[in-house]
Amino acid sequence: DWLTMIKEEGYALKYVPVELITPELCLAAIQQDWEALYYVPEKIVTEEMCRTVVEQNCRALNFVPEKIKTDHVFGHTLCKTAVEEDSRILRFVPDSVKLTPDFGHKLCLEGVKQHGESLQYVPEELKTTPGIGQKICHSAVLAYGNALQYVPEEQRTAELCLIAAQYSGETLKWIPKKYITEELCMMVVHERGWDLEHIPQEFKTKEICYEAVRRKGWAIRYAPKEYITAELILLAIKDQGNELDFVPRELVTAELCLELVRVKGGILYYVPEELKTEEICRAAVKQDRKAIKFVPEEMKEKLKVRSEK
């Protein structure tokens, strides 16, 4: 029968003919599977059912009828319970609840403190409300720098943008241009060299590129071609060792490789096979005898003979 089936698989409620759906069947379904609340006719949904599923999984708030969520007593308590477990559930809280003075404002504030990205679910009306709006936005960015993208543009202050930039260079795309300076960009790559990727082209100076690569070798892939010199590559290799992989192929020339192996013979390992000329291999082995193992087999004997003379 239906009850037996539903006790084993709650979602089976979706297959029960509407005229046969009873409170007993619905209760059995949600006790077995919280998502089954989606298939419970609204006229049968009770506060107890809603409490049961939200306690099982806070995401169940998505299936709770609006009229229950907006109830000033039970609904508010239910929303608070769900958001406290995971503030990203704010997306399922009605705006009318979020905009409720004191309760809704505090719910949003505490929510963004837990997960800054939850700011995207805070109504614009609340974010722009003097006092509480700024406080909510500031708390969100403190928790998650990238939440800056959800802050109204008129509230993206220099102070807030600095906080965001300290979190991630990606935030530069949401920072008003008037606040982006060479000093700010230098701070970003000093903290995280790989964030050179997000530095606007007009601020990718030689100094900023060198600082980025010094902090994280593979940031060299984001440096303008005119700054990719043997000096910069050596700086990158010092950090990670295989940075020729990230140098634009057209810039990896025999001349560049020769210059590199003269400084560090082991770099021969990363030199493309077609560029391993006798001159380059000889220079690598001269700088570091161990580099002989990276020399093509057909060239090894010749180098040994010459090195013995």
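Modeller: A salt bridge here is a side-chain nitrogen of Lys or Arg within 4 Å of a carboxyl oxygen of Asp or Glu. By that rule, the count comes to 15 salt bridges. One caveat before you dig in: this is a predicted model, where local features need pLDDT of at least 70 and side-chain atom pairs count only at pLDDT 80 or more, while totals for chains, interfaces and linings use all residues. Residues are numbered from 1 along each chain as its sequence is written, and side-chain values use heavy atoms, with hydrogens and water left out.

Biologist: Fine. What makes Glu 66 and Lys 69 a salt bridge?

Modeller: Their closest N and O atoms are 3.4 Å apart, and the rule asks for within 4 Å, so the pair qualifies. Both residues sit in helix α4 (66–69), three residues apart, or about one turn. A helix here is a DSSP run of H or I with at least four residues, a strand a run of E with at least two, and both are numbered from the N terminus.

Biologist: And why is that spacing handy in a helix?

Modeller: An α-helix has 3.6 residues a turn, so residues three or four places apart point the same way.

Biologist: Why is Lys 69 called buried?

Modeller: Buried means under 20% relative accessible area, exposed means over 50%, and partly exposed is in between (1.4 Å probe, protein chains only). Lys 69 comes in at 3%, so it counts as buried. Its partner Glu 66 has 47%, so that one is partly exposed.

Biologist: How do you know that Asp 95 and Lys 98 meet in a salt bridge?

Modeller: N to O is 3.6 Å for those side chains, so they pass the 4 Å limit. They are about one helical turn apart, because three residues separate them in helix α6 (95–98). Asp 95 has 42% relative accessibility, so it is partly exposed, whereas Lys 98 has 3% and is therefore buried.

Biologist: What about Lys 300 and Glu 297: buried or exposed?

Modeller: One of each. Lys 300 has a relative accessible area of 18%, so it is buried; Glu 297 has 59%, so it is exposed. Elsewhere, shared partners join the salt bridges of Asp 86, Arg 88 and Glu 117 into one network. Back to Lys 300 and Glu 297: their closest N and O atoms are 2.9 Å apart, and both lie in helix α16, three residues apart.

Biologist: On to the rings. How many aromatic pairs are there?

Modeller: Six, from a search of the whole structure. Tyr 38 and Tyr 39 make up one of them, edge-to-face, at 5.1 Å centre to centre with 85 degrees between the planes.

Biologist: Why is that pair called edge-to-face?

Modeller: Rings of Phe, Tyr and Trp (its six-membered ring) pair if their centres lie within 6.5 Å; planes under 30 degrees apart are stacked, over 60 edge-to-face, and the rest tilted. At 5.1 Å and 85 degrees, Tyr 38 and Tyr 39 therefore fit edge-to-face. Tyr 269 and Phe 294 also form an edge-to-face pair, at 5.1 Å and 65 degrees. Tyr 269 is in the loop between α14 (254–263) and α15 (278–287) and Phe 294 in the loop between α15 and α16 (297–308), so the pair ties together parts 25 residues apart in sequence. Ring pairs also link Trp 34, Tyr 38, Tyr 39 and Phe 63 into a cluster.

Biologist: What makes up the largest nonpolar core?

Modeller: A nonpolar core is a set of buried Ala, Val, Leu, Ile, Met, Phe, Trp, Tyr and Cys residues joined through side-chain atoms within 4.5 Å. The largest has 101 residues, and Leu 13, Leu 61 and Leu 196 are among those touching the most other members. Helix α13 (230–240) gives the largest share, six residues. Beyond four places in sequence, Leu 61 is in contact (heavy atoms within 4.5 Å) with residues including Val 54, Leu 78, Ile 89 and Phe 92.

Biologist: Last one: how do you know that the chain is not a compact globule?

Modeller: The radius of gyration, taken over C-alpha atoms, is set against 2.2 Å times the number of residues to the power 0.38. For 309 residues a compact globule would be near 19 Å, but the protein chain has 31 Å. Its C-alpha atoms fill a box of roughly 100 × 55 × 25 Å along the principal axes. The chain has 16 helices and zero strands, and 49% of its residues count as buried.
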